[in-house]
Structure formats: structure tokens, C-alpha cells
Amino acid sequence: MSFSSSYSNPPCAACKFLRRKCLPSCIFAPYFPPEEPIKFTTVHKVFGANNVSKLLNEIQPHQREDAVNSLAYEAEARLKDPVYGCIGAISVLQRQVIRLQKELDATNADLMRYTNNQIMVNQERSNFQYGERMVPSYYDYSSVWNSGIGGDHNNIGPDGESGS
């Protein structure tokens, strides 16, 4: 049993769906491989094989793959949402981006408040350690000695208390 040369390759998804012979010059074959029958089925349901064929013949060969991918995406979106199609999906994504941007702005504001609070806490600690509130590590004996020289010879120790 011998097969003809045209049947050595399986027909593309479009020709298989349309039940026609897939010729080497088939406009659908490069873009609707036999492994992806659902891709052509969805495009056909929304746009029709004739319209897709006309479109592919009218555009440049290097643009065809992008056009088929766009048609497949739009067809899938139309089947999911017959009224809005891709626009509905884009609208949902835009709302999600806006919501996430607001969330990011709020988080950044919280982060700034936290950072500013940490800076203020660190400044207060710094003021406490090195500022007026901290008792210096040395004691100014000049007032004690000066009061003792003036005639009042109290025995005053380094802690400012009189010793006995």
C-alpha cells in the first residue's frame, strides 16, 4: 500500500477542520499546525475561514504570524465575553493596575512614615545620649571649690555632698 506524496505530512488544523485537502501552498498551514486544532476552531467560530484567508493574503508574509496570534487571542476573548471581547479583558487589567498602583502608593506612604518615625526615634536617642538630658561623664568641680575657698570650708566630696 503506497501513499501519495501530498499525504506524507498531516493536514493543517484548518484543512482538517474544513475537511479539505491540505496543499503545500495552503495559507493556513504555517499558522495552524495539526497539533493546535482548537486555535483554528476558535478563530473560525468568530471570524470565519474565508475572512481569515482573505486577511492573510492581504498582509505581508512577515506580519502573518502576529496577525494569526492576534486573531486567536481576540477569538478566545470573544468566546469568553461575547459583548466586550479583548476590550473587556483590557478593562479588567487596567482596573487591576490602578488598584495595585493605589496599593503601592499607600505602602510607600506607610514606608515613608515608618522611616520618618525611625529617624525621629534615632534623633531622640541621640539627643538623650549626647544632649542636655544626659548627665555628663565629668563633674564640674569649679563651683564646689569656689564656694569652699570663699570661707566656708566644708568638706565637700566629689559627689557634691558634705563629708563628715
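# Tour of a six-helix model, starting at α3

Select helix α3, residues 49–58: A49, V52, S53 and L56 are buried there. Buried means under 20% relative accessible area, exposed over 50%, and partly exposed in between, with a 1.4 Å probe and protein chains only. These four cover an arc of only 100° around the axis, so they sit on the same side of α3. The arc is taken from the directions that run from the helix axis to the C-beta atoms. An α-helix has 3.6 residues a turn, so residues three or four places apart point the same way.

Turn α3 over. The face away from its buried side carries the exposed residues N50 and E58. Now show what covers the buried residues: the cover includes α1 (13–18), α2 (37–47) and α4 (61–80).

A word on what is on screen. This is a predicted model, in which local features need pLDDT of at least 70 and side-chain atom pairs count only at pLDDT 80 or more, while totals for chains, interfaces and linings use all residues. Residues are numbered from 1 along each chain as its sequence is written, and side-chain values use heavy atoms, with hydrogens and water left out.

**Zoom out**

The protein has 6 helices and 0 strands. Helices (H or I, at least four residues) and strands (E, at least two) are DSSP runs, numbered from the N terminus. Of the 164 residues, 20% are buried. Contacts are heavy atoms within 4.5 Å. Among contacts with a separation of 6 or more, 38% join residues 24 or more positions apart.

**Colour by pLDDT**

This is the predictor's confidence in each residue, from 0 to 100. The protein's mean is 81, and 72% of its residues reach 70 or more. Among the elements, α3 has the highest mean pLDDT (96) and α6, residues 142–149, the lowest (54). Next, select residues 1–7: pLDDT is below 50 here, and the stretch has 2 contacts beyond near neighbours in sequence.

**Aromatic rings**

Show the aromatic side chains. The whole structure holds 4 aromatic pairs. Rings of Phe, Tyr and Trp (its six-membered ring) pair if their centres lie within 6.5 Å; planes under 30 degrees apart count as stacked, over 60 as edge-to-face and the rest as tilted. Pick F28 and F40: ring centres 5.5 Å apart and planes at 65° make this pair edge-to-face. F28 lies in the loop between α1 and α2 and F40 in helix α2, so the pair ties together parts 12 residues apart in sequence. F28 is buried at 1% relative accessible area, and F40 is buried at 0%.

Add F32. Its ring centre is 5.2 Å from that of F40 and the planes stand at 80°, so this pair is edge-to-face too. F32 is buried, like F40. Add F17 as well: F17, F28, F32 and F40 form one aromatic cluster.

**Y31**

Select Y31, in the loop between α1 and α2. Y31 is buried, at 13% relative accessibility. Leaving out residues up to four places away in sequence, Y31 touches K39, L56, P61, R64, E65 and V68. Draw a line from Y31 to V68: the C-alpha atoms are 6.8 Å apart, with the two positions 37 residues apart in sequence numbering.

**Last stop: residues 90–117**

An unreviewed UniProt entry annotates residues 90–117 as "coiled-coil region". UniProt positions are given in the numbering used here, feature names are shortened, and annotations may be inferred rather than shown by experiment. In the model, this span is 100% helix and 0% strand, and its end C-alpha atoms lie 40 Å apart.
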